[in-house]
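Me: I would like to learn how to read a structure such as this one, feature by feature. Please give the general idea each time, then the case at hand.

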Amino acid sequence: MSRRALLRAGALLAACVTAVALFGAAASPAKPPAKPTIVSVNDFYFGPSAVTIKKGGSVKWVWSDLNTYPHDVHLKKGPNGLKNKGYYSSKTTAVTEAQFQRTFTTPGTYKFICTIHPTEMKLTVTVKK
Ligand SMILES: [Cu+2]
């Protein structure tokens, strides 16, 4: 192979690599997963007390460092047809330094309470279609 032919082959290869790279980038838009909506768990409230998310979104409960009483997250009532109700209730009862994250795939209204302070600590999560 002559030097010129070799150069031509190299240029062709570079063009192919570029084309594949461009096509690859266009074919698979790297969409990062949506960040969870944060709800703080405090003495004696969820902050905020109502959030709205999209179907497939997540809520992350974060216990405040300022808490002096234990709290949990318990689903009191979910939308009709929700099968995995227990998935939405935290097993741990913590004072501080706890986190609890759940993904919502069934649209509707979710009513949460803290089982220790059920009349004070209420949260509504609305999941849109
Ligand atoms: Cu509580």
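The dialogue below goes through confidence, fold, sheets, core and single residues.

Me: What should be settled before reading any detail?

Reply: This is a predicted model, in which local features need pLDDT of at least 70 and side-chain atom pairs count only at pLDDT 80 or more, while totals for chains, interfaces and linings use all residues. Residues are numbered from 1 along each chain as its sequence is written.

Me: What pLDDT does the protein average?

Reply: pLDDT is the predictor's confidence in each residue, from 0 to 100. The protein averages 85, and 76% of the residues score at least 70. Over residues 16-25 the pLDDT is below 50, and this stretch has zero contacts in the model beyond near neighbours in sequence. Two residues are in contact if their C-beta atoms, placed from the backbone, lie within 7 Å. Where pLDDT is low, the predicted coordinates should not be read in detail.

Me: How many helices and strands does the protein have?

Reply: Helices (H or I, at least four residues) and strands (E, at least two) are DSSP runs, numbered from the N terminus. Here there are one helix and eight strands, and along the sequence they follow the pattern α-β-β-β-β-β-β-β-β. As for contacts between residues at least 6 apart in sequence, 59% join residues at least 24 apart.

Me: In what order do the strands of the open sheet with strand 1 stand?

Reply: Strands of a sheet pair through backbone hydrogen bonds, either parallel or antiparallel. Two strands count as paired if DSSP finds at least two bridges between them. In this sheet four strands stand in the order 2-1-4-6, with mixed pairing. Strand 2 (45-47) and strand 6 (99-103) are at the edges with a single partner strand each, so one side of each is left without a neighbour in the sheet. Neighbouring strands of this sheet are turned by 20° against each other on average, direction ignored; axes are lines fitted to C-alpha atoms, for helices over the stretch in contact, and angles run from 0 to 180 degrees between N-to-C directions. Strand 1 and strand 4 run parallel and are joined by five bridges. Ile 38 stands opposite Lys 60 in strand 4.

Me: And in what order do the strands of the open sheet with strand 8 stand?

Reply: Its four strands follow the order 3-8-7-5, and the pairing is mixed. The edges are strand 3 (50-54) and strand 5, each with a single partner strand, so one side of each has no neighbour in the sheet. The average turn between neighbouring strands of this sheet is 30°, direction ignored.

Me: Which strands in it run parallel, and which antiparallel?

Reply: Strand 3 and strand 8 run parallel, joined by five bridges, and Lys 54 stands opposite Lys 128 in strand 8. Strand 7 and strand 8 pair in the antiparallel sense over six bridges; there, Thr 109 has Thr 126 of strand 8 as its bridge partner. Strand 5 (residues 74-77) is also antiparallel to strand 7, through three bridges. Leu 75 has Phe 112 in strand 7 as its bridge partner, and Lys 77 stands opposite Lys 111 in strand 7.

Me: Which residues have the most contacts inside the largest nonpolar core?

Reply: A nonpolar core is a set of buried Ala, Val, Leu, Ile, Met, Phe, Trp, Tyr and Cys residues joined through C-beta atoms within 7 Å. A residue is buried if 20 or more other C-beta atoms lie within 10 Å of its own, exposed if 12 or fewer, and partly exposed in between, with C-beta atoms placed from the backbone. The largest core has 18 residues, and those with the most contacts inside it are Val 39, Phe 46, Trp 61, Tyr 110, Phe 112, Leu 123 and Val 125. At least two residues of this core come from each of strand 1 (37-42), strand 4 (58-63), strand 7 (108-113) and strand 8 (122-128). Leu 123 touches Val 39, Phe 46, Ser 49 and Phe 112, not counting residues up to four places away in sequence. Of the 129 residues of the protein, 17% count as buried.

Me: How many residues of strand 3 are buried?

Reply: The number is zero out of five, so strand 3 lies largely in the open.

Me: Is Gly 47 buried or exposed?

Reply: Gly 47, found in strand 2, is exposed, because 12 other C-beta atoms lie within 10 Å. Leaving aside neighbours within four places in sequence, Gly 47 is in contact with Val 39, Ser 40 and Asn 42. The C-alpha atoms of Gly 47 and Leu 123 are separated by 8.2 Å, with their positions 76 residues apart along the chain counted as the distance apart.

Me: Where is Asn 80 found?

Reply: Asn 80 is in the loop between strand 5 and strand 6. Asn 80 counts as exposed, with 8 C-beta neighbours inside 10 Å.
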